[in-house]
Structures are given as C-alpha cells and as structure tokens.
Amino acid sequence: MKTSLVSDEENNNENVIEILETPTFGKWFAKLKVKDKVTHFKITERLLRLANGHYGDRKTIRGYENLFELRIFGQAYRIYFTHQSDVIVLLLVGGDKSTQE
C-alpha cells in the first residue's frame, strides 16, 4: 500500500487523515484518469475532503463493522474503505454501479 493524495506541503491542517490505497484501487483510479477525467477530478476532490475529516455521503456495509461505502453521485461511483485507528483510511477498491457486487 502507498500513501496517496495529500502531502504535508499541500495541507497545513494537523488533523489530516492519512489516506492509503491498495494496488487494486491505484490501478483502477489511474485507468479512470484516462477514461473519464471529470469523474477522476470529482473523486480526487471528494478524497481530499475525506482526508480533512469530511466524510460526506457514506454508508456502512451491512454485515461488516468497519467497512464503508463512499458514494459519489453523477456516474454512481463507489469507493470502499475502512479505518485503522483514527488516522488511517484504507481505500480498498472503487467502481461504478455496474461493477458493484
């Protein structure tokens, strides 16, 4: 896993949540940047807000205590994530409603 999106130079907020991504998410997100730049930008903005503690529209996944779905409307994209302690969010996978299982 690698850190993504927010560097110390970009954000002076001491309470920034560190966002890590899985290789699966990184690959999907890189493909999305080529396929749909507008949606990639919207998701990037949403993840930056998440890093600042603004979770917005999210839902707990039934049957899992600490697994959430971050909902991004427009193209109905979803990003699944979990917390580890109070400072790390792991981006597990992303996709649109057609890839949802």
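Which pattern does the chain follow, read along the sequence? In this predicted model, the chain follows the pattern β-β-α-α-β-β-β-β, and its secondary structure comes to two helices and six strands.

**View 1. The whole chain, with its buried share and its exposed surface.** Of the 101 residues of the chain, 41% count as buried. The surface that the chain exposes comes to about 6,600 Å², and carbon and sulfur atoms supply 50% of that area. Among contacts between residues at least 6 apart in sequence, 40% join residues at least 24 apart.

**View 2. The largest nonpolar core of the model.** This core has 19 residues, and those with the most contacts inside it are Ile43, Leu47, Ile79 and Leu91. The elements that give two or more residues to the core are the α1 segment (23-35), α2, β4, β5 (77-84) and β6 (88-96). In soluble globular proteins, nonpolar side chains tend to be buried together.

**View 3. The surroundings of Ile79.** Once residues up to four places away in sequence are set aside, Ile79 touches Phe25, Ile43, Leu47, Phe68, Glu69, Leu70, Ile72, Leu91, Val93 and Gly94. Among these neighbours, Ile43, Leu47 and Leu91 are listed together with Ile79 as the residues with the most contacts inside the largest nonpolar core. Another of them, Glu69, returns in the view of the salt bridges, where its side chain meets that of Arg78.

**View 4. Two residues of helix α2, Thr44 and Leu48.** Thr44 is found in helix α2, which spans residues 37-51, and the side chain of Thr44 reaches the backbone oxygen of His40 at 2.9 Å. Thr44 counts as buried because its relative accessibility is 18%, and the limit for that class is under 20%. Leu48 lies in helix α2 as well, but Leu48 is partly exposed, with a relative accessible area of 26%. Although Leu48 and Ile19 are 29 residues apart in sequence, their C-alpha atoms are 9.1 Å apart in space.

**View 5. The salt bridges, of which the model has two.** In one of them, the side chains of Asp57 and Arg71 meet at 2.7 Å, N to O. This pair links distant parts of the chain, since Asp57 is in the loop between α2 and β3 (58-60) and Arg71 is in strand β4 (residues 67-72), 14 residues apart. Both partners fall in the partly exposed class, Asp57 with a relative accessible area of 27% and Arg71 at 22% relative accessibility. In the other salt bridge, the side chains of Arg78 and Glu69 meet at 3.7 Å, N to O. Here both partners are buried, with a relative accessible area of 8% for Arg78 and a relative accessibility of 2% for Glu69.

**View 6. Aromatic pairs and an aromatic cluster.** The structure holds six aromatic pairs. One of the pairs is formed by Trp28 and Phe29, which are stacked with 6.0 Å from centre to centre and 25 degrees between the planes. Trp28 is buried, with a relative accessible area of 19%, and Phe29 also counts as buried, at 9% relative accessibility. The rings of Phe68 and Phe81 have their centres 5.4 Å apart and their planes at 25 degrees, so this pair is stacked too. Because Phe68 lies in strand β4 and Phe81 in strand β5, the pair ties together parts that are 13 residues apart in sequence. Phe68 and Phe81 are both buried. One aromatic cluster is formed by Phe25, Trp28, Phe29 and Tyr77.

**View 7. Gly94 and its neighbours.** Gly94 lies in strand β6 and is buried, with a relative accessible area of 12%. Leaving aside neighbours within four places in sequence, Gly94 is in contact with Phe25, Trp28, Arg78 and Ile79. Of these contacts, Phe25 and Trp28 belong to the aromatic cluster of the preceding view, while Arg78 is a partner of Glu69 in a salt bridge. Tyr77, another member of that cluster, is 17 residues from Gly94 in sequence and 7.2 Å from Gly94 in space, C-alpha to C-alpha.

Note on methods: Residues are numbered from 1 along each chain as its sequence is written. This is a predicted model: local features need pLDDT of at least 70, side-chain atom pairs count only at pLDDT 80 or more; totals for chains, interfaces and linings use all residues. Side-chain values use heavy atoms; hydrogens and water are left out. Helices (H or I, at least four residues) and strands (E, at least two) are DSSP runs, numbered from the N terminus. Buried means under 20% relative accessible area, exposed over 50%, partly exposed in between (1.4 Å probe, protein chains only). A polar contact is a pair of N or O atoms within 3.5 Å; within protein, one must be able to donate a hydrogen and the other to accept it, and residues adjacent in sequence count only if both atoms are side-chain atoms. A salt bridge is a side-chain nitrogen of Lys or Arg within 4 Å of a carboxyl oxygen of Asp or Glu. A nonpolar core is a set of buried Ala, Val, Leu, Ile, Met, Phe, Trp, Tyr and Cys residues joined through side-chain atoms within 4.5 Å. Contact means heavy atoms within 4.5 Å. Rings of Phe, Tyr and Trp (its six-membered ring) pair if their centres lie within 6.5 Å; planes under 30 degrees apart count as stacked, over 60 as edge-to-face and the rest as tilted. Accessible areas come from the Shrake-Rupley method with a 1.4 Å probe; for residues, only the protein chains shown count as cover.
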